[in-house]
Amino acid sequence: MDEQKQLDAFQKRIDNGETIEPKDRMPDRYRKQLIRMMSQHAHSEIVGMLPEGNWIQRAPSLKRKKVLLAKVQDEAGHGLYIYSAVETLGVTRREVVEDYMYGNAKYSSIFNYPTLTYADICVIGWLVDGAAIVNQTMLARSSYGPYARSMVRICKEESFHKKQGYEMLAKMASGTPEQKKMAQDAVNRWWWPTLMMFGPPDDQSPNSQELIRWGVKSKTNDELRQSFVDMTVMEAKAIGIEIPDPDLKYNHETGHWDFGEVPWDEFWEVIKGNGPMNRERIRARRKAYEEGAWVREAASEYARKKRLEEEKAS
Amino acid sequence: MTENGSKIKKNEWPLWEVFYQPKDGKPFEHAGSVHAPDAEMALQNARDTYARRNEGINIWVVPADKIVASTPEDRGPFFDPANDKIYRHPQFYSVPRASKKRK
């Protein structure tokens, strides 16, 4: 079969709503795009543990500490589900992991912002995990089977993440004036970076159309961003939190909330590596990876010796 | 890869496929995979990764390279013989109407 025919046959499977499985014939470009997108997603889960992990030892109560520990452990799990799915595309875990620690692979720009107070932990749960739910609910219907299945797993756990954050923020927002101020301040800092999580505007998103044509995504960045805003406005109102956007206004014609211009210059700077925490995040990941190397080696060696002993005994 | 990356030379832990039984009496399902140096740690990693909320009551881990699978190219011919054996289905047979009566 020539290349065009193969592409057409593949597109036909996608258009029929079929699921693509690891050993199926797929265009090189589809494989490459998936590896890029999925590994970026997995790295985000792992790097995302750092801003929250920052507060585990300083959680305000034992209850909140247990909740945060469980949430951060889930994030590690999410990273592993997706890495496991990426590996079905013929790359090794090591390759993809080292590609963001030492190479050019990216992770979500949101994790390059610092967590300054405990209110940030509340807001990450509410906004950042809320945004992740919007994105991942779509990806759970993705054309690539292993990716879609990992998203189904993740979505089940993500609602706990969002709810614990929203509950905490509601409590803080109804507390003392200082607590209220702290809650509002965290929302002010995280609002715009959260909207950036959906990626650049549609006319500047080079990959979107292709990913949609191949059924990896089913909505554009701007569509996802809009549904997140629509969902979040009333949640903010309900707990007396203000969204820091003077242009936010309900549009009776479209039935959506219009919102102001996202500060895209900041987004591109953070992507380029100049966000407040980019260097710190990579430093922390490399440190963990390199200082853990001897543990991985020791475990391998232990397993090798045990295997040898078993062989001798038999 | 940069100089830093190549410092870590050792090979990756082998890959294990993970299957779990969601409930008593249910068949095992594929969950995903984990890396682990040996079977014991593969089981523990599988538990921590895929069963943090009682998703399973039993787990199997299988070295990924020990799994033999059919290929997508086989899909047609490999499963084809099933189609011309309609006598394997109960719809193939007719029975007297009277036998279906309860009383």
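This passage describes the contact between chain B and chain A and two helix packings within chain A, in a predicted model.

Local features were taken from this predicted model where pLDDT is at least 70, side-chain atom pairs count only at pLDDT 80 or more, and totals for chains, interfaces and linings use all residues. Residues are numbered from 1 along each chain as its sequence is written, chains are lettered from A and ligands numbered from 1 in the order in which they are written, and side-chain values use heavy atoms, with hydrogens and water left out.

Between the two chains, 29 residues of chain B are in contact with 32 residues of chain A, contact being defined as heavy atoms within 4.5 Å. The area buried between chain B and chain A is about 2,500 Å², 46% of it contributed by carbon and sulfur atoms; buried area here is the accessible area (1.4 Å probe) that two parts lose on being put together, summed over both.

Side chains of opposite charge can pair when their charged atoms come close. With a salt bridge defined as a side-chain nitrogen of Lys or Arg within 4 Å of a carboxyl oxygen of Asp or Glu, the count is 26 over all chains and six between chain B and chain A. B:R52 forms a salt bridge with A:E157, with the closest N and O atoms 2.9 Å apart, and B:R52 also meets A:D74 in a salt bridge at 2.8 Å, N to O. The latter pair crosses between chains, from A:D74 in helix α4 (residues 62-87) of chain A to B:R52 in the loop between α2 and β3 (58-63) of chain B.

Helices (H or I, at least four residues) and strands (E, at least two) are DSSP runs, numbered from the N terminus. Within chain A, helix α7 (residues 145-173) and helix α8 (residues 177-196) pack at an angle of about 135°, their axes lying 7 Å apart, where axes are lines fitted to C-alpha atoms, for helices over the stretch in contact, and angles run from 0 to 180 degrees between N-to-C directions. α7(A) and α8(A) are therefore oblique to each other, given that angles under 35 degrees count as roughly parallel, over 145 as roughly antiparallel, 65 to 115 as roughly perpendicular and the rest as oblique. A:L169, A:M172 and A:A173 of α7(A) make this contact with A:Q179, A:K180, A:M182, A:A183 and A:V187 of α8(A).

Helix α12 (residues 278-291) and helix α13 (residues 293-313) of chain A pack at about 30°, with axes 4 Å apart, which makes α12(A) roughly parallel to α13(A). Here A:Y289, A:E290 and A:E291 in α12(A) meet A:A293, A:W294 and A:R296 in α13(A).
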